[in-house]
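Colleague: Please take a close look at the pockets of this model and at what they hold. I should like one connected account.

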Amino acid sequence: MTEKSWIDEKFADIEYNLKTISQDIAEAAVKSGRKPEDIDFMAVTKTVDEMFINHAIECGIKLIGENKVQEMLRKKPNLNLNSVKKNLIGHLQTNKVSQIVGEVDMIESVDSLKVAKEIGKQSVKKNLITDVLLEINIGREESKTGFLPEQAQECVYEIAQIDGIRVRGLMTIPPICDDNTKLCEFFEKIYNMYVDIGAKKIDNVYMNILSMGMSGDYVTAILCGSNHVRIGSKIFGPRIY
Ligand SMILES: *Cc1c(COP(=O)(O)O)cnc(C)c1O
(Lines give C-alpha, C1' and ligand atoms only; values in the text may rest on other atoms or scores of the structure.)
Protein backbone atom coordinates (compact mmCIF):
# COMPACT_ATOMS: atom_id res chain seq x y z
CA MET A 1 0.00 0.00 0.00
CA THR A 2 1.24 3.48 -0.73
CA GLU A 3 1.45 5.88 2.17
CA LYS A 4 -1.36 7.96 0.77
CA SER A 5 -3.81 5.12 0.60
CA TRP A 6 -2.88 3.98 4.11
CA ILE A 7 -3.74 7.42 5.43
CA ASP A 8 -6.98 7.60 3.42
CA GLU A 9 -8.01 4.26 4.80
CA LYS A 10 -7.32 5.41 8.35
CA PHE A 11 -9.33 8.60 7.73
CA ALA A 12 -12.26 6.49 6.53
CA ASP A 13 -11.96 4.21 9.59
CA ILE A 14 -12.02 7.18 11.95
CA GLU A 15 -15.10 8.60 10.25
CA TYR A 16 -16.88 5.26 10.40
CA ASN A 17 -15.95 4.70 14.06
CA LEU A 18 -17.15 8.16 15.06
CA LYS A 19 -20.50 7.55 13.38
CA THR A 20 -20.96 4.16 15.04
CA ILE A 21 -20.02 5.46 18.48
CA SER A 22 -22.26 8.53 18.09
CA GLN A 23 -25.17 6.23 17.31
CA ASP A 24 -24.40 4.07 20.36
CA ILE A 25 -24.20 7.18 22.53
CA ALA A 26 -27.49 8.53 21.18
CA GLU A 27 -29.25 5.23 21.77
CA ALA A 28 -27.92 4.84 25.32
CA ALA A 29 -28.83 8.45 26.10
CA VAL A 30 -32.43 7.94 25.01
CA LYS A 31 -32.64 4.61 26.83
CA SER A 32 -31.58 6.35 30.03
CA GLY A 33 -34.10 9.15 29.63
CA ARG A 34 -31.85 11.82 28.16
CA LYS A 35 -31.12 13.43 24.84
CA PRO A 36 -28.15 12.47 22.66
CA GLU A 37 -26.74 15.99 23.04
CA ASP A 38 -26.77 15.66 26.84
CA ILE A 39 -23.75 13.37 26.58
CA ASP A 40 -20.28 14.86 25.89
CA PHE A 41 -18.31 12.71 23.47
CA MET A 42 -14.59 13.17 24.06
CA ALA A 43 -12.00 11.82 21.65
CA VAL A 44 -8.99 10.69 23.67
CA THR A 45 -6.02 11.56 21.49
CA LYS A 46 -2.98 10.31 23.40
CA THR A 47 -0.33 8.84 21.07
CA VAL A 48 -2.47 9.84 18.06
CA ASP A 49 -0.86 11.86 15.26
CA GLU A 50 -2.16 15.40 14.77
CA MET A 51 -3.44 14.72 11.24
CA PHE A 52 -5.79 12.07 12.55
CA ILE A 53 -6.94 14.25 15.43
CA ASN A 54 -7.67 17.05 12.94
CA HIS A 55 -9.63 14.58 10.85
CA ALA A 56 -11.77 13.62 13.86
CA ILE A 57 -12.38 17.34 14.43
CA GLU A 58 -13.42 17.73 10.78
CA CYS A 59 -15.85 14.87 11.34
CA GLY A 60 -17.48 16.79 14.18
CA ILE A 61 -15.58 16.06 17.41
CA LYS A 62 -15.96 19.01 19.80
CA LEU A 63 -13.89 17.78 22.76
CA ILE A 64 -10.49 16.14 22.97
CA GLY A 65 -8.56 14.71 25.90
CA GLU A 66 -4.85 14.12 26.48
CA ASN A 67 -3.34 12.48 29.51
CA LYS A 68 0.12 14.07 29.47
CA VAL A 69 0.99 17.75 29.84
CA GLN A 70 3.96 17.65 27.47
CA GLU A 71 2.10 15.82 24.74
CA MET A 72 -0.84 18.23 24.96
CA LEU A 73 1.42 21.28 24.73
CA ARG A 74 3.43 19.81 21.87
CA LYS A 75 0.39 18.97 19.73
CA LYS A 76 -1.78 21.98 20.48
CA PRO A 77 -0.27 24.38 17.92
CA ASN A 78 -0.84 21.80 15.16
CA LEU A 79 -4.53 21.22 15.91
CA ASN A 80 -7.54 23.04 14.46
CA LEU A 81 -9.05 23.83 17.81
CA ASN A 82 -11.50 26.62 16.93
CA SER A 83 -14.64 25.65 18.84
CA VAL A 84 -13.02 22.46 20.17
CA LYS A 85 -12.44 22.04 23.90
CA LYS A 86 -9.42 20.26 25.28
CA ASN A 87 -9.23 18.61 28.68
CA LEU A 88 -6.41 17.03 30.62
CA ILE A 89 -7.42 13.55 31.79
CA GLY A 90 -4.19 12.06 33.18
CA HIS A 91 -2.42 12.30 36.52
CA LEU A 92 -0.92 15.76 36.95
CA GLN A 93 2.29 16.32 38.86
CA THR A 94 2.37 19.46 41.00
CA ASN A 95 5.49 20.73 39.26
CA LYS A 96 3.73 20.69 35.87
CA VAL A 97 0.65 22.62 36.97
CA SER A 98 2.01 26.04 35.99
CA GLN A 99 2.52 24.81 32.41
CA ILE A 100 -0.99 23.49 31.92
CA VAL A 101 -3.18 26.06 33.69
CA GLY A 102 -4.69 28.30 31.01
CA GLU A 103 -3.81 25.83 28.25
CA VAL A 104 -6.78 23.50 28.74
CA ASP A 105 -10.51 23.96 29.31
CA MET A 106 -10.71 21.52 32.19
CA ILE A 107 -8.54 19.29 34.34
CA GLU A 108 -10.49 16.06 34.88
CA SER A 109 -7.85 14.32 36.94
CA VAL A 110 -7.54 16.24 40.21
CA ASP A 111 -6.51 13.44 42.54
CA SER A 112 -5.08 15.20 45.62
CA LEU A 113 -5.63 18.29 47.70
CA LYS A 114 -2.04 19.28 47.00
CA VAL A 115 -2.50 19.40 43.23
CA ALA A 116 -5.83 21.22 43.64
CA LYS A 117 -4.15 23.93 45.72
CA GLU A 118 -1.44 24.37 43.13
CA ILE A 119 -4.01 24.63 40.31
CA GLY A 120 -5.77 27.31 42.34
CA LYS A 121 -2.56 29.19 42.99
CA GLN A 122 -1.45 29.17 39.35
CA SER A 123 -4.96 30.10 38.15
CA VAL A 124 -5.09 33.11 40.47
CA LYS A 125 -1.66 34.16 39.21
CA LYS A 126 -2.96 34.07 35.64
CA ASN A 127 -6.21 35.71 36.69
CA LEU A 128 -8.46 32.85 35.62
CA ILE A 129 -10.65 30.13 37.02
CA THR A 130 -9.88 26.52 36.14
CA ASP A 131 -12.74 24.03 35.90
CA VAL A 132 -11.88 20.69 37.48
CA LEU A 133 -13.29 17.24 38.11
CA LEU A 134 -12.28 15.17 41.11
CA GLU A 135 -10.96 11.77 40.16
CA ILE A 136 -12.43 9.06 42.35
CA ASN A 137 -10.71 5.70 42.81
CA ILE A 138 -14.01 3.89 42.87
CA GLY A 139 -12.51 0.40 43.00
CA ARG A 140 -9.98 1.35 45.73
CA GLU A 141 -7.17 0.08 43.50
CA GLU A 142 -3.57 0.51 44.62
CA SER A 143 -2.50 1.01 41.01
CA LYS A 144 -4.73 4.06 40.59
CA THR A 145 -4.61 7.58 41.92
CA GLY A 146 -7.70 9.49 43.01
CA PHE A 147 -9.74 10.13 46.11
CA LEU A 148 -11.33 7.22 47.89
CA PRO A 149 -15.14 7.23 47.70
CA GLU A 150 -15.56 8.13 51.38
CA GLN A 151 -13.23 11.13 51.01
CA ALA A 152 -15.04 12.60 48.02
CA GLN A 153 -17.61 14.78 49.72
CA GLU A 154 -15.19 16.28 52.23
CA CYS A 155 -12.70 16.96 49.43
CA VAL A 156 -15.31 18.71 47.30
CA TYR A 157 -16.00 21.04 50.26
CA GLU A 158 -12.29 21.75 50.72
CA ILE A 159 -11.45 22.18 47.06
CA ALA A 160 -14.49 24.41 46.52
CA GLN A 161 -12.94 26.91 48.92
CA ILE A 162 -9.72 27.25 46.94
CA ASP A 163 -9.61 30.46 44.88
CA GLY A 164 -9.10 29.99 41.15
CA ILE A 165 -10.84 26.61 40.98
CA ARG A 166 -14.40 25.58 40.14
CA VAL A 167 -15.51 22.01 40.83
CA ARG A 168 -17.64 20.72 37.96
CA GLY A 169 -18.07 17.06 38.79
CA LEU A 170 -16.43 13.68 39.19
CA MET A 171 -14.33 11.42 37.00
CA THR A 172 -13.53 7.76 37.38
CA ILE A 173 -11.95 4.72 35.76
CA PRO A 174 -13.51 1.57 37.23
CA PRO A 175 -11.54 -1.65 37.76
CA ILE A 176 -11.45 -4.01 34.80
CA CYS A 177 -14.57 -6.19 35.12
CA ASP A 178 -15.60 -9.06 32.86
CA ASP A 179 -18.90 -9.06 34.71
CA ASN A 180 -21.29 -6.34 33.60
CA THR A 181 -23.28 -6.43 36.85
CA LYS A 182 -20.15 -5.70 38.85
CA LEU A 183 -19.20 -2.90 36.45
CA CYS A 184 -22.66 -1.35 36.85
CA GLU A 185 -22.26 -1.45 40.62
CA PHE A 186 -19.13 0.71 40.36
CA PHE A 187 -20.75 3.13 37.94
CA GLU A 188 -23.94 3.39 40.00
CA LYS A 189 -22.00 3.95 43.19
CA ILE A 190 -20.25 6.97 41.71
CA TYR A 191 -23.43 8.20 40.05
CA ASN A 192 -25.10 8.25 43.47
CA MET A 193 -22.14 10.16 44.93
CA TYR A 194 -22.39 12.67 42.09
CA VAL A 195 -26.11 13.21 42.69
CA ASP A 196 -25.73 13.39 46.50
CA ILE A 197 -22.88 15.89 46.41
CA GLY A 198 -24.66 17.95 43.75
CA ALA A 199 -27.78 18.11 45.94
CA LYS A 200 -25.80 19.73 48.76
CA LYS A 201 -25.57 22.96 46.73
CA ILE A 202 -22.09 23.72 47.98
CA ASP A 203 -20.86 27.27 47.28
CA ASN A 204 -18.68 27.50 44.19
CA VAL A 205 -19.53 23.95 43.08
CA TYR A 206 -21.39 23.47 39.80
CA MET A 207 -21.66 19.72 39.60
CA ASN A 208 -22.91 18.87 36.15
CA ILE A 209 -20.28 16.53 34.72
CA LEU A 210 -19.92 12.85 35.46
CA SER A 211 -16.99 11.63 33.39
CA MET A 212 -16.97 7.86 33.00
CA GLY A 213 -16.97 5.37 30.16
CA MET A 214 -14.16 4.42 27.75
CA SER A 215 -13.93 2.33 24.57
CA GLY A 216 -14.93 -0.91 26.27
CA ASP A 217 -17.70 0.33 28.52
CA TYR A 218 -19.19 3.62 27.33
CA VAL A 219 -22.67 2.25 26.67
CA THR A 220 -22.87 0.72 30.14
CA ALA A 221 -21.48 3.93 31.67
CA ILE A 222 -24.16 6.06 29.99
CA LEU A 223 -26.91 3.66 31.03
CA CYS A 224 -25.59 4.06 34.59
CA GLY A 225 -25.70 7.88 34.46
CA SER A 226 -22.53 9.11 32.77
CA ASN A 227 -22.88 12.31 30.75
CA HIS A 228 -19.28 12.54 29.54
CA VAL A 229 -17.47 9.63 27.87
CA ARG A 230 -13.76 9.48 27.01
CA ILE A 231 -13.05 7.29 24.00
CA GLY A 232 -9.70 6.59 22.40
CA SER A 233 -8.89 3.25 20.81
CA LYS A 234 -12.39 2.65 19.48
CA ILE A 235 -11.96 5.79 17.34
CA PHE A 236 -8.29 5.71 16.39
CA GLY A 237 -7.40 2.03 16.70
CA PRO A 238 -4.96 0.42 19.13
CA ARG A 239 -2.36 2.77 20.61
CA ILE A 240 1.23 2.34 19.50
CA TYR A 241 3.62 3.57 22.19
C1 LIG B 1 -6.58 6.47 27.51
C2 LIG B 1 -7.68 6.94 28.37
C3 LIG B 1 -9.02 6.81 27.97
C4 LIG B 1 -9.45 6.14 26.67
O5 LIG B 1 -9.19 4.78 26.70
P6 LIG B 1 -9.75 3.81 25.51
O7 LIG B 1 -9.95 2.51 26.21
O8 LIG B 1 -8.72 3.77 24.46
O9 LIG B 1 -11.02 4.39 25.04
C10 LIG B 1 -9.99 7.32 28.81
N11 LIG B 1 -9.69 7.92 29.96
C12 LIG B 1 -8.42 8.08 30.38
C13 LIG B 1 -8.17 8.75 31.67
C14 LIG B 1 -7.37 7.60 29.59
O15 LIG B 1 -6.11 7.75 30.01
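Modeller: The largest pocket holds about 620 Å³ of space, where a pocket is, on a 1 Å grid over the protein atoms alone, an open set of points where a 1.4 Å probe fits, with protein on both sides within 12 Å along at least five of seven lines; the volume is the space filled by probe spheres set on the points, which are joined across faces, edges and corners. Its lining comprises 26 residues, of which Lys46, Lys144, Ile173, Met214 and Arg230 are the closest to the centre; lining residues have an atom within 4 Å of a point. By class, this lining has 11 nonpolar, nine polar and six charged residues, with Ala, Val, Leu, Ile, Met, Phe, Trp, Tyr, Cys and Pro counted as nonpolar, Asp, Glu, Lys and Arg as charged, and the others, Gly among them, as polar.

This is a predicted model, in which local features need pLDDT of at least 70 and side-chain atom pairs count only at pLDDT 80 or more, while totals for chains, interfaces and linings use all residues. Residues are numbered from 1 along each chain as its sequence is written, and side-chain values use heavy atoms, with hydrogens and water left out.

The ligand sits in the largest pocket, in that more than half of its atoms lie within 2 Å of the grid points. Around the ligand, with a heavy atom within 4 Å of it, are Val44, Lys46, Ile89, Ile173, Met214, Ser215, Arg230, Ile231, Gly232, Ser233 and Arg239. This shell divides into five nonpolar, three polar and three charged residues.

Three side chains make polar contacts with the ligand, that is, pairs of N or O atoms within 3.5 Å. An N or O atom in the side chain of Lys46 is 2.6 Å from a ligand oxygen, and one in the side chain of Ser233 is 2.8 Å from a ligand oxygen. For Arg230, the side-chain N or O atom lies 2.9 Å from a ligand nitrogen. Taken alone, the ligand exposes 380 Å² (Shrake-Rupley method, 1.4 Å probe), and the protein buries 90% of that.

The second largest pocket has a volume of about 380 Å³. Among its 21 lining residues, Asp40, Phe41, Lys62, Leu63 and His228 are the closest to its centre. The lining divides into 10 nonpolar, four polar and seven charged residues. α1 (3-31), β1 (40-44) and β3 (85-88) each supply at least two of these residues, and α1 gives the most, with five; helices (H or I, at least four residues) and strands (E, at least two) are DSSP runs, numbered from the N terminus.

How values were computed
A polar contact is a pair of N or O atoms within 3.5 Å; within protein, one must be able to donate a hydrogen and the other to accept it, and residues adjacent in sequence count only if both atoms are side-chain atoms.
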